[in-house]
Amino acid sequence: MTLDDWLREARARIDSRDAQVLAAHALGCDRAGLIARGLDPLADPARATLDRLLERRAAGEPVAYLVGRREFFGLDIAVGPGVLIPRPDTEVLVERALECIAALPAPRVLDAGTGSGAIALAIKAQCPRGRVQALDRSEAALAIARDNGRRLGLEVGWIASNWLEAVAGEEFDCIVSNPPYIRTGDPHLAQGDLRFEPPSALASGEDGLDDLRILCRQAPPRLAEGGWLLCEHGYDQAPAVRALMRCAGLADVASWRDIAGIERVSGGRRRGGD
Ligand SMILES: C[S@@+](CC[C@H](N)C(=O)[O-])C[C@H]1O[C@@H](n2cnc3c(N)ncnc32)[C@H](O)[C@@H]1O
């Protein structure tokens, strides 16, 4: 069997791009390398490795977990079963945070519920003058995030904390969060990639807003005057999150759309500062 034969058989069972990504990962080459090696005979152990990856993907395991990587905001982020796989939807949260801190000489930023560290690392990469800290309750997630920071050469302070408890005495110019926001029992939790991701990163009570409620309560006292709280949320949660932010006393509350045109991020700022 040649590599092209294997790719043909794989395409009958999984998405053709996924087949290419898995083959490139297993053979240690890029997509151009796959074309160059298409007619090479595929011998063990490479063939056995590819077949195992194919079986796991056909059973639904996310490609990002199989290859241990996902690109986010131009960064190569390592991921594993202990963390959420960063989503393109979340890039709007990073863009909005960068706009909020653009005019500040040394912005203090906190990423709450950092998972793989993707958001914190993207902000630090784009704004090296910022002092970026990131927290998570999951030690497994923090270990992956810390390794990502080290490998990418980006300095972020990693903190183990139940939401903002461990940063009670600190003040931030921007607190960003992509918290769990899916309704417990939502059928999507039993479908696609979500089946393989940690439930503690996804579900948040009957209406999906339990963690957003906590953040909207805990964040305002930790914001500098004029500082922003920015949160990602579900496709239909923007009005509820704006209401939570207004109730928490934040001003200039608004929502922003993701690449699919869905209101995906809401935010507000502490009064004062300008
Ligand atoms: C939806 S994931 C987001 C991960 C990452 N920020 C991203 O966007 O890819 C939510 C994260 O919040 C963390 N988390 C859940 N409950 C938490 C809590 N009480 N305190 C701190 N972090 C929490 C989870 O461990 C998970 O890493």
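This passage describes the ligand site, the pockets and two backbone features of a predicted model.

In this predicted model, local features require pLDDT of at least 70 and side-chain atom pairs count only at pLDDT 80 or more, while totals for chains, interfaces and linings use all residues. Residues are numbered from 1 along each chain as its sequence is written, and side-chain values use heavy atoms, with hydrogens and water left out.

The ligand is surrounded by 19 residues, of which G113, D136, N162, W163 and N178 come nearest; a residue is counted as near if one of its heavy atoms lies within 4 Å of the molecule. By class, this shell comprises eight nonpolar, nine polar and two charged residues. In this scheme Ala, Val, Leu, Ile, Met, Phe, Trp, Tyr, Cys and Pro count as nonpolar, Asp, Glu, Lys and Arg as charged, and the others, Gly among them, as polar. Polar contacts (pairs of N or O atoms within 3.5 Å) link nitrogen atoms of the ligand to the protein backbone. A polar backbone atom of G113 is 2.8 Å from a ligand nitrogen, a backbone N or O atom of R137 lies 3.2 Å from a ligand nitrogen, and for T114 the corresponding distance is 3.3 Å. The ligand taken alone exposes 600 Å², of which the protein buries 96%, with accessible areas from the Shrake-Rupley method and a 1.4 Å probe.

The ligand occupies the space of the largest pocket, more than half of its atoms being required to lie within 2 Å of the grid points. Pockets were defined on a 1 Å grid over the protein atoms alone, as open sets of points where a 1.4 Å probe fits, with protein on both sides within 12 Å along at least five of seven lines; lining residues have an atom within 4 Å of a point. The largest pocket holds about 970 Å³, a volume being the space filled by probe spheres set on the points. Its lining consists of 45 residues, with L84, P179, P180, A201 and L202 nearest the centre. Two or more lining residues come from each of α7 (118-126), β4 (131-136) and α9 (210-218); helices (H or I, at least four residues) and strands (E, at least two) are DSSP runs. This lining has 21 nonpolar, 14 polar and ten charged residues.

The second largest pocket has a volume of about 380 Å³. Of its 16 lining residues, R17, V21, V63, V67 and R69 lie nearest the centre. At least two residues each are supplied by α2 (16-27), α5 (63-67) and β1 (69-72), and α2 gives the largest share, five residues. Seven nonpolar, one polar and eight charged residues make up this lining.

Two backbone features were also noted. Most residues other than glycine have a negative phi, and most peptide bonds are trans. W163, although not a glycine, has a positive phi of about 40 degrees; W163 lies in the loop between β5 (157-160) and β6 (172-177) and is among the residues nearest the ligand. The peptide bond from D44 to P45 is cis, with omega near 10 degrees, and P45 is found in the loop between α3 (31-36) and α4 (46-58).

Methods
Polar contact = N/O pair within 3.5 Å; in protein donor to acceptor, adjacent residues only side chain to side chain.
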